[in-house]
Amino acid sequence: MKSKSLTTWIIIGLITGIIVGFALNSLTSTEVTTSYAKNISIITDIFLRLIKMIIAPLIISTLIVGIAKMGDAKTLGRVFSKTLLLFMVASFISITVGLVIVNILAPGVGINFVANTSSAVTNIEPTTFSFHNFIAHAIPTSIIDAMSRNEILQIVIFSIFMGCSLSAIGKKGEPIIKILDSLVYVMLKLTSYVMLFAPITVFAAISAMIAERGLSVLISTSIFMGEFYFTLALLWLILIGVSVLIVGRCILRLVKNIMQPALLAFTTSSSEAAFPGTLEKLEEFGISNKIASFVLPIGYSFNLVGSMAYCSFAVIFIGQACNIHLSMGEQIAMLLILMLTSKGMAGIPRASLVVIAATLTQFNIPEAGLILLMGIDPFLDMGRSATNVMSNAMGAALVGRWEGEHYGDGCRGTPKEKSDNFFTDKISLKS
């Protein structure tokens, strides 16, 4: 299925899902809509399981081969330091944007929420951030265990060590590199088959959500949701604008191409679902495989800017709703805390809510305020996921540009010969 055709079918699935979901919610009983949502959700579960099945071997193969092809530890260290610095700056920008907009718009003022109990907030266990716990979670005890649980950060750590080791032993590591190189092509072809189910998955996810919750949940909370999506839109403009200034107008071509995986992430509320498609679009844009396959997996662990903006926005919103005012100093302290705690979000179920809950307790804001978000969090998660995809794509383009890569017309810098990419080979997703 061609890329444009797939995008069209995803949009059709989205629109049809809204119509069917609204019709079921309006014309049938609660029992029927609940049963429908429960039964059709198996399609979404199957698709996300298929995506998770792909993620670990795809990250391992692409990241190890990419690192091995960098040639030396000096190049790897330079690329890693640039990537980490870039993601820290992006984190600071996203959290700051969330804080500034929520203070200006003040969506929680006037709600006067009374926290009688926190028992209504289920399955959300706030955890206190510590450097020891973060390191313990990041370092795998077994790569097999990490793959079985799709712990992306642990998989990335293992792949970095493995790639460095293969690069260090030279010719003796070439057979393993060739095997992993072949594995990449196999996984990409497998990905193309899995993506054929994306349109029906989008239909199932959206129709189930609307059938069970109805459009009323969107209407009643439209002001808050509109203000948060305005925050995400502003974040998009800032990150894309900075990328245009550094890379050039050619980055707009990547923004256009990245819309398909971003749309998939939006409709499925899963950044992971967009990983293979994002990697493909990065390499089609002209980013070398060694950069794209290195930066993107790390971005999925450290550069969830949509989620970080949501955390700062939501904490202040709950404080406003509970009539609790945080001083400028306290908000700066919150920014620094979120800069650290957000780095452990990858792979944690309902990670944003967990981080928010942990942050609330540190500023004496009732955890029960999470109730205000629980009903609409799935809709907010859609925007967060799409924003995460966009930010990681911009990050890969910036790192590539700083490494001297050129992306064609409208790009700053001097063109240089492009290296071979997995997606531009004769064995492509489009074949």
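UniProt positions are given here in the numbering of this structure, and such annotations may be inferred rather than shown by experiment. With that in mind, start with the record. An unreviewed UniProt entry lists six spans under "transmembrane region": residues 7-26, 46-71, 83-106, 190-210, 230-252 and 291-318. The structure itself is a predicted model.

Look at two of those spans. Residues 190-210 are 86% helix and 0% strand. The C-alpha atoms at the two ends of residues 190-210 are 31 Å apart. Residues 291-318 are 93% helix, again with 0% strand. Here the end C-alpha atoms lie 40 Å apart.

Now go inside. The largest nonpolar core has 122 residues. Ile287, Phe294, Ile318, Ile356 and Leu373 have the most contacts within that core. Helix 2 supplies the largest share of this core, with 13 residues. Another core lies apart from it and has 8 residues. Phe203, Ala204, Ala208 and Ala211 are among them.

Stay with helix 2, which covers residues 30-70. Threonine 33 is found in this helix. Is threonine 33 buried or exposed? Its relative accessibility is 4%, so it counts as buried; the cut-off for buried is under 20%. What does threonine 33 touch, beyond its neighbours within four places in sequence? Its contacts are Leu24, Asn25, Thr28 and Ala211. Ala211 has already appeared, as one of the residues of the 8-residue core.

Next, turn to the surface. Val100, Ile104, Leu105 and Phe230 make a nonpolar patch of about 370 Å². Helix 3, residues 73-105, gives the largest share of the patch, 3 residues. Isoleucine 104 sits in helix 3. Its relative accessible area is 60%, so isoleucine 104 is exposed; exposed means over 50%.

Charged side chains come next. How many salt bridges are there? The count comes to 4. One of them joins glutamate 403 and lysine 82, with N and O 2.8 Å apart. Lysine 82 is in helix 3, while glutamate 403 lies in the segment after helix 19 (377-402), so this pair ties together parts 321 residues apart in sequence. Glutamate 403 has 17% relative accessibility and therefore counts as buried. The pair also belongs to a wider arrangement: Arg78, Lys82 and Glu403 are linked in a network of salt bridges.

Other bridges stay within a single helix. In helix 19, aspartate 381 and arginine 384 lie 3 residues apart, about one turn of the helix. Their side chains form a salt bridge, the closest N and O atoms being 3.1 Å apart. Arginine 384 is at 3% relative accessibility and so counts as buried. Aspartate 381 is at 21% and so counts as partly exposed.

Helix 13, residues 275-285, holds a pair with that kind of spacing: lysine 281 and glutamate 284 are 3 residues apart, about one turn of the helix. Their side chains meet in a salt bridge of 3.8 Å, N to O. Which partner is buried, and which is partly exposed? Lysine 281 is buried, with a relative accessible area of 5%. Glutamate 284 is partly exposed, at 29%.

Conventions. Residues numbered from 1 in each chain as written. Predicted model: local features only at pLDDT ≥ 70, side-chain atom pairs only at ≥ 80, totals over all residues. Heavy atoms only, no water. Patch = residues over 30% accessible without salt bridge, like charges linked within 9 Å, V, L, I, M, F, W, Y side chains within 5 Å. Areas by Shrake-Rupley, 256 points an atom, 1.4 Å probe, with all protein chains shown as cover. Helix = DSSP H or I, 4+ residues; strand = E, 2+ residues; numbered from the N terminus. Buried < 20%, exposed > 50% of the residue type's maximum accessible area, 1.4 Å probe, protein only. Contact = heavy atoms within 4.5 Å. Core = buried A, V, L, I, M, F, W, Y, C linked by side-chain atoms within 4.5 Å.
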